[in-house]
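Me: I should like to go through this structure by question and reply, beginning with a single residue and its surroundings. Please give the reasoning before each result.

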Amino acid sequence: MTHKIHASPRRILTFPAVHPCDAVAPATLLASLVNLATTICGYKSKFFAANKRNTRELIRQIGILLVFLEEILDRRLDLPASAVLSFSELHVTLQKIVYLLEDCSFGGARLLMLMKSERVSNHLRILIRATATALDVLPLELIDVSDEVKESVELTMRQARRVRFEVEADDERASKDVLLILDGFEDGVVPDRGDIRRVLDYVGIRSWSECNKEVKFLDTELGLEWSNMEKREVAFLSSLMGFMSYCRFALFDVVDGEAGQQLDKGCSSDVLNCLNPDDFRCPITLELMTDPVTIETGHTYERSSILKWFRAGNPICPKTGEKVVSMDVVPNMALQRLIQQYCSANGIPISEPGHRNHDITRTVLAGSLAAEGAMKVMANFLAGRLAAGTSGERNKAAYEIRLLAKTNIFNRYCLAEAGTIPRLLHLLSSGDSSSQHNAIAALLNLSKYSKSKTIMAENGGLELIVGVLRKGLKIEVRELAAATLYYLASVEEYRKLIGEIPEAFPALLELIKTRTDRGKKNALVAIFGLLTFPDNHWRVLASGAVPLLVNLLTSSEREDLVTASLAVLATLAEKLDGTITILGTGALHLILQILNSSPSRPGIEYCVSLLLALCINGGKEVVSVLVKNPSLMGSLYSLLTEDNSRASKKARSLIRVLHEFCERRASGLVTPAFPEERYVDVW
C-alpha cells in the first residue's frame, strides 16, 4: 500500500494522501502502517535544514506508535471495527508526515525549507494533532497489548495534543539574515562573504554541487509557479534563486561532482545517450513535446494535444484505452528539462509551449528586485574575473556565464551589458580545451539575445567563431560553434558576412562528415539558416554539399537528420543550378521513397517542397518520373486533409503540376525539361 507514495509528481509541501479502501483487510492495513511508521523513523538519520528539533520530536512520537503497531501485527490480534476506523485515519496522517519529512530533508530544498520554516512548523503541529485525533477512537482496552505499550501510547496522545511546534529561534535568525542580504541586492550592495557563508553553513550547503542543486530545484519550482494563474510566489522564489546563484559562484572556487568533470574536461553528460528520443514524442502527434503533462494513468502527452482529446469527449487514455476518472494534468517538468537538453545537444530549435506569454515573461523579467540586483552584481563580478582572473578563474567564470545565460533572457542582457562577450571571444583562442569549450558554450547561450549578436559581430566574433568551427581543440567545441552560427544567422547582415568568410561552408561540411549526430545536426541547421541569404546559395553548392546531403538520406538512421538534410536540399532546389545538382546525384527515387515511408510530418513536408521545386525547375524529365510512381498520389492526397498546413498547400500545388502534365501529354503538348535561356553557373 505504501510503495506508491512517491510515484506521482507533486509540488513541495503538498500532501496527496490516499485513504485506504473500505474493504481493506486489517492485517494489510496494519502492515502498511508499520511500513509508513518505519519510513518515518528512518528520517532520524537525515539532515534537516530547518525545524530540526520539531522534526526530531515528531519522529520520536511516531517511533513510540511503531512499537505499538508492530506488537499488534506480530501477535496477529483481531481488531474491532472502531480500531480499523482509527487506523485508517492514522494511515492518511502518516502518509502526509512522510511527504512532509521528505520535503524537509530534500537536498535541493534546504534554503526554501528555511524560509518556509513557519509554514512547516504549522504543518508539523497539524499532523501530530491529527495523529492524536485518529487515535482518539482507538479502543485500547480491547486490544491485547502490554500495559507498558498502552501507557506509552496514551502518553504520546497527550503530548501530541499539547505540543506547540513553534518556529525555532535559530531558524528565525537565519531567515532574517537571508532577507537582509536580499534587501542589499535590491540596493546593489555586494553581500559580505561571511554573512552568506553563515547562512549556507546553517542549512548544510558546503559545496558548489549542493548549491547548484538548490538553484535547479528553485528553477523548477519557479517554472511551476509561473504556470499558475496567481503567481503568488514568483517574486519570492526568484529572490531565493538569485541568492543561491550568487552563492554558487561567489563562495565556491571548486566545481565538484559531474559538473566539475564537465568544467575540467569540457565534456557533456552522457545521460542523454542512454535515452530513447522516441520517448520525447507525444503519443498523439508523434512530435517532440514542448509542454509535456502527465495524466491519471501515468502516461505523458503534449498539453494541447491531450486537452483537445479530452474536450472531444474522450475520457480515456489514448495510449492504453484505460478510462480516466479525472481529466486533470500535471506538468512533467523533469521530462521537459530532458527534452530541452536533448534539443540543445542536437541543435534542434525548441518551440515554445502553449503558455508562451508566461514563459517569455518569465525569461524577460528578473522576477523580483532582489533577483535583478543579484544578477547585475554577478554579471559585473564575472566580467572582472574574465578580465583579470587567473586561467582557472577565467575558465570557471566562463562556465558560470554558460549556466546563467542558458535559459534566461534577463541574465543574457545583464551579462552582455557587463562586457563579458569581448572577453569570452578572447578566450576562444585559449590553448586550454576546457576554457575554449566553456567560452563557446557561453557565447552560444548569449547569442540567443539580439544585442549579444551585435556585440559579437562588432568585436570580430564571426571570424573567431568560424575559426573555432574549423580548428576547435575538441569536436564538442566545433559543434557548439556551428550552433552559435545558426543563431547569428538570424540577422540578415550576419548571414552575408558569415557566407563571405571562405572557410565557413567547408568547415560546416567537414562537421557533417564527423561521426557525431550532434555535429551533423548543428551543421545542417546552420547551413539552413545561412541559405536564407541568396548569395550563399551558390557557395553551398560550390562547397560540394549536395552529394553529402544525399548520402545522409541513406546513411542516417535518425529521422531528425534526414529531415534537416531534406530541408537544406529543398532550399537549394528552389534555384535551377540547385535542381540540376540534386538531379545529378540520382536522388529523385530516394526522395520518393522517403515521402512514402517517413513517419516525420516535417520530413514529409520538406519532401513535398523538394519534389515541387524539382518539378518546377526540372520540367518534364522530373514530372514524367513522378507520374509513374503508383504511391505518390496517395501520399499527396493524404496531406490535403490538413486544410491550412504548409504540407497541404505544397501537396496541392504538386498535384496540380502532375495533373497539368498528364493533360498536356494527352493532348500532345509537353514543355521542355529546362527553359532554354537559363544557364548553369560554372565554378
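Me: Leaving aside neighbours within four places in sequence, which residues is S207 in contact with?

Reply: The model is a predicted one, and S207 lies in the loop between α8 (193–203) and α9 (208–226). Once its neighbours within four places in sequence are set aside, the residues in contact with S207 are F252 and D256.

Me: Is S207 buried or exposed?

Reply: A residue counts as buried when its relative accessible area is under 20%. The value for S207 is 14%. S207 therefore falls under the cut-off and is buried.

Me: Which side chain does the side chain of S207 join in a polar contact?

Reply: A polar atom of the S207 side chain lies 3.2 Å from the backbone nitrogen of E210. The contact between side chains is also of 3.2 Å, and the partner of S207 there is S209.

Me: In what order do the three strands form their sheet?

Reply: The protein has 34 helices and three strands. The sheet is open and its pairing is antiparallel. Its edge strands, each pairing on one side only, are β2 (300–302) and β3 (330–331). The order is β2-β1-β3.

Me: Which residue in β2 stands opposite T294?

Reply: Strand β1 spans residues 292–294. It pairs with β2 in the antiparallel sense over three bridges. Opposite T294 in β2 stands T300.

Me: At about what angle does helix α12 run to β2?

Reply: Helix α12 comprises residues 303–311. It lies across β1, β2 and β3, and its direction relative to β2 is about 95 degrees.

Me: Why does I306 count as buried?

Reply: I306 has its place in helix α12. Leaving aside neighbours within four places in sequence, its contacts are I284, V293, I295, Y301, P318 and V329. Buried means under 20% relative accessible area. I306 counts as buried because its relative accessibility is 0%.

Me: What distance separates the C-alpha atoms of I306 and P318?

Reply: P318 is in contact with I306, although the two residues are twelve apart along the chain. Their C-alpha atoms are separated by 8.4 Å.

Me: Which residues touch the most other members of the largest nonpolar core?

Reply: In soluble globular proteins, nonpolar side chains tend to be buried together. The largest nonpolar core here has 201 residues. The members that touch the most others are F68, F87, F243 and L626.

Me: How many residues does another core, lying apart from the largest one, contain?

Reply: This other core includes C282, I306, L335 and Y342. I306 thus links the topic to helix α12, where it is placed. The size of this core is 15 residues.

Me: Which residues does F87 touch, not counting those up to four places away in sequence?

Reply: F87 belongs to the largest nonpolar core. With residues up to four places away left out, F87 touches L29, L30, L33, F68, L69, I72, L79 and L138.

Me: How far apart are the C-alpha atoms of A398 and N438?

Reply: A398 is found in helix α16 (residues 391–404) and counts as buried, at 0% relative accessibility. Not counting residues up to four places away in sequence, it touches L386, L424, L427, N438, A439 and A442. N438 is 40 residues from A398 along the chain, and the C-alpha separation is 5.5 Å.

Me: What percentage of the residues in the protein is buried?

Reply: The protein exposes about 31200 Å², of which carbon and sulfur atoms supply 52%. Its residues number 683, and the buried ones make up 52%.

Methods: Residues numbered from 1 in each chain as written. Predicted model: local features only at pLDDT ≥ 70, side-chain atom pairs only at ≥ 80, totals over all residues. Heavy atoms only, no water. Helix = DSSP H or I, 4+ residues; strand = E, 2+ residues; numbered from the N terminus. Buried < 20%, exposed > 50% of the residue type's maximum accessible area, 1.4 Å probe, protein only. Areas by Shrake-Rupley, 256 points an atom, 1.4 Å probe, with all protein chains shown as cover. Polar contact = N/O pair within 3.5 Å; in protein donor to acceptor, adjacent residues only side chain to side chain. Contact = heavy atoms within 4.5 Å. Pairing = 2+ DSSP bridges. Axes fitted to C-alpha atoms, helices over the stretch in contact; angles between N-to-C directions. Core = buried A, V, L, I, M, F, W, Y, C linked by side-chain atoms within 4.5 Å.
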